[in-house]
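I opened my notebook to look through one protein, entry by entry. Here is what I had on the screen.

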Amino acid sequence: MSKNKKNLCALIISFLFVLSVTDAGARMATSSVGGKGAPSGNETQVSKSSQFVKKIANNVLYLEGNKSYDLSGVNVIDLTGKSRVSDKKKLADLTFVNGVLKEVILR
């Protein structure tokens, strides 16, 4: 196979790959749960947030933005003992399901 034919084949394969990735992203964006408007009764809305921790006391998580959350019934995963980026601040990854805090990952 000549060099020109190889280049043409590589170009066509690359083009097809880009089209397939773009099409998959478009399908994923249009089929997301929730979409616009209010969710129907059987849809679950999951949201995530990352915020710095001020302190944790008496089973309550206090964040730097003057928000606090009761940790009763919340799955708390503490990864602070492992390799951390900062020794001074802890980061909390909060997961909410239908507006209710379900999981906190401390980093």
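**Entry 1: a residue in the helix.** I started with I12, which I found in helix 1, residues 3-30. I noted that the model is a predicted one. Is I12 buried, partly exposed or exposed? I read a relative accessible area of 43%, so I12 is partly exposed; the buried class would need a value under 20%. I then looked at the surface around I12. I12 makes a nonpolar surface patch together with L8 and L11. I wrote down about 300 Å² for this patch.

**Entry 2: the whole chain.** I stepped back to list the elements. I counted one helix and six strands. Along the sequence, the order reads α-β-β-β-β-β-β. The protein has 107 residues, and 17% of them are buried. I put the exposed area down as about 8400 Å². Carbon and sulfur atoms supply 57% of that area. I also checked contacts between residues at least 6 apart in sequence. Of these, 54% join residues at least 24 apart.

**Entry 3: the sheet.** In what order do the six strands lie in the sheet? I traced 3-2-1-5-6-4. The sheet is open, and its pairing is mixed. I reminded myself that strands of a sheet pair through backbone hydrogen bonds, either parallel or antiparallel. Next I asked which strands stand at the edges. They are strand 3 (68-70) and strand 4 (75-78). Each has a single partner strand, so one side of each is left without a neighbour in the sheet. I also noted the turn between neighbouring strands, which is 35 degrees on average, direction ignored.

**Entry 4: strands 1 and 2.** I zoomed in on strand 1, residues 46-57, and strand 2, residues 60-63. They run antiparallel, and four bridges join them. I looked up two of the pairs. V53 has L63 of strand 2 as its bridge partner. I56 has L61 of strand 2. The two strands form a hairpin with two residues between them. In its turn I found N58, with a positive phi of about 50 degrees.

**Entry 5: strands 2 and 3.** I followed L61 onward. Its bridge partner in strand 3 is Y69. I had already met L61 as the partner of I56. How many bridges pair strand 2 with strand 3? I found three, in the antiparallel sense. Strand 2 and strand 3 also form a hairpin, with four residues between them.

**Entry 6: two asparagines with positive phi.** Most residues other than glycine have a negative phi. I therefore paused at N66, which has a positive phi of about 60 degrees although it is not a glycine. N66 lies in the loop between strand 2 and strand 3. Its relative accessibility is 68%, so N66 counts as exposed; the cut-off is over 50%. Then I went to N98. Its phi is near 55 degrees, again positive in a residue other than glycine. Where is N98 placed? I found N98 in the loop between strand 5 and strand 6 (100-106). N98 has 48% relative accessibility and counts as partly exposed.

**Entry 7: S50 in strand 1.** I went back to strand 1 and picked S50. S50 and D93 are 43 residues apart along the chain. Their C-alpha atoms are separated by 4.4 Å. Which residues does S50 contact, leaving aside its neighbours within four places in sequence? I listed L91, A92 and D93. S50 itself is partly exposed, at a relative accessible area of 49%.

**Entry 8: T95 in strand 5.** My last stop was T95, in strand 5, residues 91-97. Is T95 buried or exposed? I read 11% relative accessible area, so T95 is buried. The limit for that class is under 20%. I then listed its contacts, without neighbours within four places in sequence. T95 is in contact with V46, S47 and K48, and also with V100, L101, K102 and E103. V46, S47 and K48 fall in strand 1, residues 46-57. The other contacts, V100, L101, K102 and E103, fall in strand 6 (100-106).

Technical notes
Residues are numbered from 1 along each chain as its sequence is written. This is a predicted model: local features need pLDDT of at least 70, side-chain atom pairs count only at pLDDT 80 or more; totals for chains, interfaces and linings use all residues. Side-chain values use heavy atoms; hydrogens and water are left out. Two strands pair if DSSP finds at least two bridges between them. Axes are lines fitted to C-alpha atoms, for helices over the stretch in contact, and angles run from 0 to 180 degrees between N-to-C directions. Buried means under 20% relative accessible area, exposed over 50%, partly exposed in between (1.4 Å probe, protein chains only). Contact means heavy atoms within 4.5 Å. Patches are made of residues with over 30% relative accessible area and no salt bridge: like charges are joined within 9 Å, nonpolar side chains (Val, Leu, Ile, Met, Phe, Trp, Tyr) within 5 Å. Accessible areas come from the Shrake-Rupley method with a 1.4 Å probe; for residues, only the protein chains shown count as cover. A salt bridge is a side-chain nitrogen of Lys or Arg within 4 Å of a carboxyl oxygen of Asp or Glu.
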